[in-house]
Protein chains: 2
Amino acid sequence: MTDAAAALAAITFNADGLVPAIAQQFDTGEVLMMAWMNRDAVAETLATGRVCYWSRSRKGLWRKGETSGQQQRLKEFLIDCDGDTILVKVDQDGVACHTGRRTCFYTAARPEGLTEVAPVLVSPEELYKK
Amino acid sequence: MTDAAAALAAITFNADGLVPAIAQQFDTGEVLMMAWMNRDAVAETLATGRVCYWSRSRKGLWRKGETSGQQQRLKEFLIDCDGDTILVKVDQDGVACHTGRRTCFYTAARPEGLTEVAPVLVSPEELYKK
């Protein structure tokens with residue numbers, strides 16, 4: 001899809017070799033999640049058009065949707081002014097959150113307390129059944 | 001505006017005591033910037049309704065717009081499923097980026113190379129004059 005060399009040269013990775021990547025649904029503008037990419041994840045995302053992160057817990061490339069089927073197809077790859085944050089505009093299949101919600105940002109801090117603002121659309125059991 | 005205790009209890013700060021915070025224009029959905037908050041920045045943001053970050057370079061609270069006048073009024077404060085990322089929906093005065101662009105995410109990695117996709121609306125000289 002895109003040659004990654006120019007993008008990699010423009011990105012400042014942190015001491016762990018990672019950069020935060022925000023995923024936004026390209027047409028609705030909904031912010032879906034934030035995760036991390038290393039150089040290989042950036043290169044793979046640009047090469048394949050399927051968003052790939054680095055899993056800090058599993059210490060490996062995390063091809064979003066490889067277990068749940070909820071993939072993210074890349075629409076635009078944006079680098080911020082400091083080169084230290086990525087914004088990927090994506091077309092999200094199904095739900096982005098492992099809880100079965102469309103977005104990971106479903107807990108609002110409001111005067112009345114913490115409030116859930118996004119419904120569960122798919123049960124996690126359904127999502128991760130094989 | 002909002003009592004911060006519940007929010008602070010739900011947030012996992014990293015080893016440096018910080019959490020990444022994404023700012024999104026509440027009505028258009030535009031992702032404006034990503035910065036960091038510590039506990040005091042979270043508490044101040046919720047108490048005042050003006051978004052406050054932690055400046056890693058200045059090592060101090062960064063009341064967005066204190067120099068440029070381009071403040072962010074808080075509309076919604078969201079915590080993600082893991083408690084380790086914040087999404088603030090804001091009403092941004094003017095431009096979010098120190099380069100005078102509406103958003104910090106103005107560089108797209110495209111097949112033809114890095115491409116600027118957002119115009120300069122205010123010159124940085126104008127923004128930081130006086």
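These legends walk through several close-up views of a predicted model with chains A and B.

**View 1. Here is where chain A meets chain B.**
On this predicted model, 38 residues of chain A are in contact with 38 residues of chain B. Together the two chains bury about 2,900 Å² between them, and 66% of that is on carbon and sulfur atoms. Which residues of chain A lose the most area to chain B? Look for C81(A), F105(A) and A109(A), which together make up 20% of what that side buries.

**View 2. Now for the polar side of the interface between chain A and chain B.**
There are 10 residue pairs in polar contact between the two chains. The side of chain A that touches chain B gets at least two residues from each of α1, β1, β2, β5, β6 and β7 of chain A. Sort that side by class and you get 25 nonpolar, seven polar and six charged residues. As for salt bridges, four turn up across the interface. One pair to find is R56(A) with D84(B), where the closest N and O atoms are 3.5 Å apart.

**View 3. Strand β5 of chain A pairs with strand β7 of chain B.**
The two strands run antiparallel and are joined by two bridges. To find your way in, start at I79(A) and look across to T107(B), its bridge partner in β7(B). Then find E76(A) and R110(B), which form a salt bridge with the closest N and O atoms 2.6 Å apart. E76(A) sits in β5 of chain A and R110(B) in β7 of chain B, so this pair joins two chains. Are these two residues buried or exposed? E76(A) counts as buried because its relative accessibility is 15%, while R110(B), at 28%, is partly exposed.

**View 4. R110(A) and E76(B) make a salt bridge too.**
The closest N and O atoms of this pair are 2.6 Å apart. The link crosses between chains, going from strand β7 of chain A to strand β5 of chain B. R110(A) has a relative accessibility of 27%, so it counts as partly exposed. E76(B), with 15%, counts as buried.

**View 5. Strand β7 of chain B also has a partner inside chain B, namely β8.**
β7(B) and β8(B) pair in the antiparallel sense over four bridges. How many residues does the hairpin between them run through? It takes two residues to get from β7(B) to β8(B). R110(B), met above in a salt bridge with E76(A), stands opposite G113(B) in β8(B).

**View 6. Zoom in on helix α2 of chain B, residues 39-48.**
Several of its residues are buried: A41(B), V42(B), E44(B), T45(B) and L46(B). What covers them? The cover includes α1, β2, β3, β4 and β5 of chain B, and chain A chips in with its β7. Check both ends of the helix while you're here. At the N-terminal end, N38(B) acts as a cap, with a side-chain oxygen 3.3 Å from the backbone nitrogen of D40(B). After the helix comes G49(B), with a positive phi near 75 degrees.

**View 7. T45(B) is a residue of helix α2 in chain B.**
Its relative accessibility is 0%, so T45(B) counts as buried. What does its side chain reach at 2.8 Å? That would be the backbone oxygen of A41(B). A polar atom of the T45(B) side chain also lies 2.9 Å from the backbone nitrogen of C52(B). Leaving out residues up to four places away in sequence, T45(B) touches M37(B), R50(B), V51(B), C52(B), L74(B) and F77(B).

**View 8. Swing over to helix α2 of chain A, residues 39-48.**
The buried residues here are A41(A), V42(A), E44(A), T45(A) and L46(A). Their cover includes α1, β2, β3, β4 and β5 of chain A, along with β7 of chain B. N38(A) caps the N-terminal end, placing a side-chain oxygen 3.3 Å from the backbone nitrogen of D40(A). Just past the helix, G49(A) has a positive phi of about 75 degrees.

**View 9. Last stop: a loop residue and some more salt bridges.**
A15(B) is in the loop between α1 and β1 of chain B. Its relative accessible area is 86%, so A15(B) is exposed. Over all chains, the whole structure has 18 salt bridges. Among them, K129(B) and E126(B) meet at 2.9 Å, N to O, and R73(A), D91(A) and D93(A) are linked in a network.

Key:
Residues are numbered from 1 along each chain as its sequence is written. Chains are lettered from A and ligands numbered from 1 in the order in which they are written. This is a predicted model: local features need pLDDT of at least 70, side-chain atom pairs count only at pLDDT 80 or more; totals for chains, interfaces and linings use all residues. Side-chain values use heavy atoms; hydrogens and water are left out. Contact means heavy atoms within 4.5 Å. Buried area is the accessible area (1.4 Å probe) that two parts lose on being put together, summed over both. A salt bridge is a side-chain nitrogen of Lys or Arg within 4 Å of a carboxyl oxygen of Asp or Glu. A polar contact is a pair of N or O atoms within 3.5 Å; within protein, one must be able to donate a hydrogen and the other to accept it, and residues adjacent in sequence count only if both atoms are side-chain atoms. Ala, Val, Leu, Ile, Met, Phe, Trp, Tyr, Cys and Pro count as nonpolar, Asp, Glu, Lys and Arg as charged, and the others, Gly among them, as polar. Two strands pair if DSSP finds at least two bridges between them. Buried means under 20% relative accessible area, exposed over 50%, partly exposed in between (1.4 Å probe, protein chains only).
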